[in-house]
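The following exercises are to be solved from the sequence and the coordinates. Each task is followed by a worked solution in steps.

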Amino acid sequence: MTNIGEDVMVPYLLTTDDSKIACASGEALTPLLLSFSTVTTPPDQLEVLLGLVGGTCATQRAFQHELEYIRFSGEKRITQAKDARIQSKRWHAMAAARYYHSYQALVRALGEPGEECPLFDNDFEQLIWMLGAVAGLQAALSDVQADMAVGVPFNVAPKAERGAACLDDAKHNKKWWGLPKAIRSALWTIIPGVTPAGTDAWAELTKARHLGMDEGVRLASALDALVSYNDSNNRRVREIIREHANSIKSTAPNREYRMMDVMAADILLELSDRMWTEATGTRTPIGAYGTFWDDKKKEIKLDQNLLDDLL
């Protein structure tokens with residue numbers, strides 16, 4: 001079952017474009033696949049992916065309650081707004097726990113990030129290492145959203161940053177769509193004192209974002225937008241969303257890792273929905289992704305001869 005999970009199920013799911021099915025599959029199959037740890041070698045590498053997927057599912061549910069909180073607050077429905085905020089924090093706590101379990105599985109499978117870089121046997125191990133670092137970052141962020149209900153150690157995020165350094169070079173950044181650089185740069189914007197001297201974290205994030213767009217897996221764009229939103233830099237978030245909307249029209253997703261690109265698109269749409277809801281009370285209108293409520297409408301100048309013909 002473990003071999004099927006790693007060699008068949010995961011590669012197949014990574015090529016699909018239905019993130020909701022991937023979410024449901026991850027949650028449903030986690031108990032089944034992890035139960036085999038009681039009778040054979042624990043499937044720690046697979047658990048890294050399952051924990052990350054499960055955390056993403058919980059984060060999506062937390063987001064829905066955040067939208068409810070924004071609407072209720074705007075309508076002065078205080079009791080409903082408080083309840084929505086509580087629900088959101090509960091789901092953020094669940095997400096933090098799942099992300100942290102993913103990170104702990106990474107430690108068991110390949111060692112503690114931040115120490116020596118492992119000797120990777122194959123691309124799958126590199127992918128696991130990189131996504132485990134993402135899980136560490138997400139665990140820390142989600143626990144903050146949950147008022148530290150889970151108690152994710154404060155040193156997890158710095159360790160994730162040092163772990164991502166194992167793949168932060170020209171060869172691996174192109175191979176992994178700029179994500180190693182994006183993980184490190186995102187953490188540099190959050191954690192004081194870890195940014196290398198003379199380095200502009202935001203400029204490095206921009207480089208990683210553009211590389212991801214070129215390679216058709218735009219997770220770096222999602223990370224950039226998340227940390228920009230947390231930094232209250234809505235102008236940069238808008239720029240990223242507009243850029244992403246244009247990119248998906250011009251650059252097809254990487255076939256082998258289509259699901260990763262879809263997950264990035266989901267995160268960016270959620271941020272767009274949050275901004276639209278804060279301003280208008282509703283999500284991003286259908287067909288309006290990449291635009292905003294206060295955009296100036298383009299003036300359409302009709303040819304006078306055409307008008308005469310129509311009349």
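**Exercise 1: A tryptophan in a loop**

Trp177 lies in the loop between α7 and α8 (179-190), where helices (H or I, at least four residues) are DSSP runs numbered from the N terminus. The model is a predicted one, in which local features need pLDDT of at least 70 and side-chain atom pairs count only at pLDDT 80 or more, while totals for chains, interfaces and linings use all residues. Residues are numbered from 1 along each chain as its sequence is written, and side-chain values use heavy atoms, with hydrogens and water left out.

Task: Determine the backbone phi of Trp177, its burial and its aromatic partners.

Solution.
- Step 1. The phi of Trp177 is positive, near 60 degrees, although the residue is not glycine.
- Step 2. The relative accessible area of Trp177 is 1%, so the residue is buried; buried means under 20%, exposed over 50% and partly exposed in between, with a 1.4 Å probe and protein chains only.
- Step 3. The search for aromatic pairs gives 7 in the structure. Rings of Phe, Tyr and Trp (its six-membered ring) pair if their centres lie within 6.5 Å; planes under 30 degrees apart count as stacked, over 60 as edge-to-face and the rest as tilted.
- Step 4. For Trp176 and Trp177 the ring centres are 5.5 Å apart and the planes stand at 90 degrees, so this pair is edge-to-face.
- Step 5. Trp176 is likewise buried, at 1% relative accessibility. Together with Tyr257, Trp176 and Trp177 make up one aromatic cluster.

**Exercise 2: Disulfides**

Task: Find how many disulfides the structure has, and describe where their cysteines lie.

Solution.
- Step 1. With a disulfide taken as a pair of cysteine sulfur atoms within 2.5 Å, the search of the whole structure yields 2.
- Step 2. The sulfur atoms of Cys23 and Cys57 are 1.8 Å apart. This pair links distant parts of the chain, with Cys23 in helix α2 (residues 19-35) and Cys57 in helix α3 (residues 44-74), 34 residues apart. Both Cys23 and Cys57 are buried.
- Step 3. Cys117 and Cys166 form a disulfide with a sulfur separation of 2.0 Å. Cys117 is in the loop between α4 (78-110) and α5 (123-145) and Cys166 in the loop between α6 (156-164) and α7 (170-175), so the pair ties together parts 49 residues apart in sequence.
- Step 4. The angle about the S-S bond of Cys117 and Cys166 is -90 degrees, and the link is left-handed.
- Step 5. Cys117 is partly exposed at 44% relative accessibility, whereas Cys166, at 14%, is buried.
- Step 6. With the bonded cysteines numbered in sequence order, the pairing reads 1-2, 3-4.

**Exercise 3: Helix α3 and its salt bridges**

Task: Compare the span of α3 with its expected value, then locate the salt-bridge partners of Arg61 and Asp44.

Solution.
- Step 1. The expected span of a helix is 1.5 Å times one less than its number of residues. The 31 residues of α3 should span 45 Å, and the end C-alpha atoms are 45 Å apart, which agrees.
- Step 2. Of the 31 residues of α3, 23 are buried, so the helix is largely enclosed by the rest of the structure.
- Step 3. After α3 comes Lys76, with a positive phi near 60 degrees.
- Step 4. A salt bridge is a side-chain nitrogen of Lys or Arg within 4 Å of a carboxyl oxygen of Asp or Glu; the structure holds 22.
- Step 5. Arg61 pairs with Glu27, the closest N and O atoms being 2.9 Å apart. Arg61 belongs to helix α3 and Glu27 to helix α2, so the bridge ties together parts 34 residues apart in sequence. Arg61 is partly exposed at 30%, and Glu27 is partly exposed at 25%.
- Step 6. Asp44 pairs with Arg108, the closest N and O atoms being 3.1 Å apart. Asp44 lies in helix α3 and Arg108 in helix α4, so parts 64 residues apart in sequence are tied together. Asp44 is buried at 12%, while Arg108 is partly exposed at 48%.

Key:
Helices (H or I, at least four residues) and strands (E, at least two) are DSSP runs, numbered from the N terminus.
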